[in-house]
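Here's a quick briefing on a few charged pairs and one helix packing. Have the structure open while you go through it.

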Amino acid sequence: MQYMALRQQPVQQKQRFKPVQKFDSGSADNYTSGGQHHPGAAEQTVIAQSQHHQQFLDASRALPDFVELDLGQSNMDNISTEDVKALQSLYREHCEAILDVVVNLQFSLIEKLWQTFWRYSTPDTVEGATVTENSSISEIEARLPRAQLLALCRNEAVLKWMSTCDHLMYQALVEILIPDVLRPIPSALTQAIRNFAKSLEGWLSNAMNAIPQRMIQTKIAAVSAFAQTLRRYTSLNHLAQAARAVLQNTSQINQMLSDLNRVDFANVQEQASWVCQCEEGVVQHLEQDFKATLQQQSSLEQWAAWLDNVVTQVLKPYEHRPSFPRAARQFLLKWSFYSSMVIRDLTLRSAASFGSFHLIRLLYDEYMFYLVEHRVAQATGETPIGVMGEFDNLHTLSLASIDKDETSGMDSDLEEDTEESGEPLAKREKPEHEVIQVIQVGGLEDGSHPVVGVVQQSVLHSLPQPLQDHTEHILTPSVGTPTIRHCSTTGNTYASV
């Protein structure tokens, strides 16, 4: 009944492009075979509830443009330019259809759309056969035969292109379903979104049962990041509504301020600075600012603006620099560490407002994460979902695709000044990779390509102590040999990649 009631709804806000992956009126589980349908009382209730929920969505958001699919120098047998164009147009229409059903809260139709596009076949279907009962599948098959689809699914350029398209689509879906993470959302809608997120990976895996494994991994990585984002944002929204009540309670705010003034911030800074190496002036400024904002009995939206300003001020020195993503992650670690130290102090003092502080801390940590992922996405030109899904499937990634700077997360100094000082760069190496040491740094006579001499760890003990007065060289990758991207001095050890 609910399924049918949702299907009766008109497209909201504007007339969207209707794709070929629609369902036959006679094959939708026999719902519409009886001629014109007159919704009953139960269906009208479902329709009314759905229309009420749609006012919390951003139904006007359109799907952004996708990048062009370029196979480059790939030499694929039996794949023509028309096949590539057909894949692009069909996938765009497929994504438009997904956007349509999400806008109308028809979550259960997503699985059908996936099955249609990926030519789902039941387990007892003869291998090589194509399911053609559905006219939509027949139409797709005519435009892009299944054999061509499977061949394209094995191409690296297609995998990368589809992953990029998915991140754009899923980001649009997130912004449709949760346009404002702080705005109250009905609990029924929140639960529907969470159930939707829980079902996504299973639906997609089932629909792609006849597709090459690499494509399945690529698609699952993107949809997993989407589902994780929906879960995080709905949890953040739930925390925001719980915290809103606390922030509007004058007596609770006064108690929190009284308890916070008893916290030994000098001791907190003394312990945390050894781990985080934050400037004392910055920490003191944040402490005073936090107390002032609390004393003003600020609203949730005012607190959100304060947190946004904190992120802006802390990350401002790293704008337009390659170290920005790493600086952002380090800031989250430091923020979390300091807040946990304050909570620990409140716990040991049996502060009366401990429960309120714990709730506020959870919200602010989550909102900081939300702000930082969006700043990193903006700085890198990615979508937030793309940023969060970057390492979703680490076991499928090659270490060579990860920047050396990204693997040294324990290095607390975020600036390049460390490299310029001539001090050895401490690196945390993965034990499964060969460790090498720089023996000689130099360049070719024409100065075109710097070179380096390296040696395995097993023979280090027999070598003389190297000199430490060489300048930085950035080495170009070489096939089949260990590569060091940044080499400031001799004597340093690096993992070969």
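Arg375 is a good place to start: with a relative accessibility of 18%, this residue counts as buried, because the cut-off for buried is under 20%. Bear in mind that this is a predicted model. Arg375 pairs up with Asp308 in a salt bridge, and their closest N and O atoms sit 2.9 Å apart.

**The Arg375 pair**

- Arg375 belongs to helix 15 (residues 354–380) and Asp308 to helix 13 (residues 300–315), so this salt bridge ties together parts 67 residues apart in sequence.
- Asp308 has a relative accessible area of 29%, so it counts as partly exposed.

**Other salt bridges**

- As a general point, side chains carrying opposite charge can pair when their charged atoms come close.
- The count for this model comes to twelve salt bridges.
- One of them joins Glu93 to Arg143, with 3.1 Å between the closest N and O atoms.
- That pair links distant parts of the chain, as Glu93 is in helix 3 (residues 81–103) and Arg143 is in helix 5 (residues 135–143), 50 residues apart.
- Are the two partners buried or exposed? Glu93 is buried at 12% relative accessible area, while Arg143 comes out as partly exposed at 30%.
- Asp259 forms a salt bridge too, this time with Arg262, and the closest N and O atoms are 3.1 Å apart.
- Asp259 has a relative accessibility of just 5%, so it counts as buried.

**Helix 4 against helix 8**

- For packed helices in general, the description comes down to the angle between the two axes and the distance between them.
- How do helix 4 (residues 109–117) and helix 8 (residues 187–207) cross? Their axes come within 9 Å, and the crossing angle is roughly 20 degrees.
- Angles under 35 degrees count as roughly parallel, so helix 4 runs roughly parallel to helix 8.
- As for handedness, helix 4 and helix 8 make a right-handed crossing.
- On the helix 4 side, the contact is made by Ile110, Glu111, Trp114 and Gln115.
- Helix 8 brings Phe196, Leu200, Trp203, Leu204, Asn206 and Ala207 to that contact.
- Sorted by type, the residues in the contact of helix 4 with helix 8 are seven nonpolar, two polar and one charged.

Definitions and conventions. Residues numbered from 1 in each chain as written. Predicted model: local features only at pLDDT ≥ 70, side-chain atom pairs only at ≥ 80, totals over all residues. Heavy atoms only, no water. Axes fitted to C-alpha atoms, helices over the stretch in contact; angles between N-to-C directions. Helix = DSSP H or I, 4+ residues; strand = E, 2+ residues; numbered from the N terminus. Parallel < 35°, antiparallel > 145°, perpendicular 65-115°, else oblique. Left-handed = near helix turned anticlockwise from the far one by under 90°. Contact = heavy atoms within 4.5 Å. Nonpolar A, V, L, I, M, F, W, Y, C, P; charged D, E, K, R; others polar. Salt bridge = Lys/Arg side-chain N within 4 Å of Asp/Glu carboxyl O. Buried < 20%, exposed > 50% of the residue type's maximum accessible area, 1.4 Å probe, protein only.
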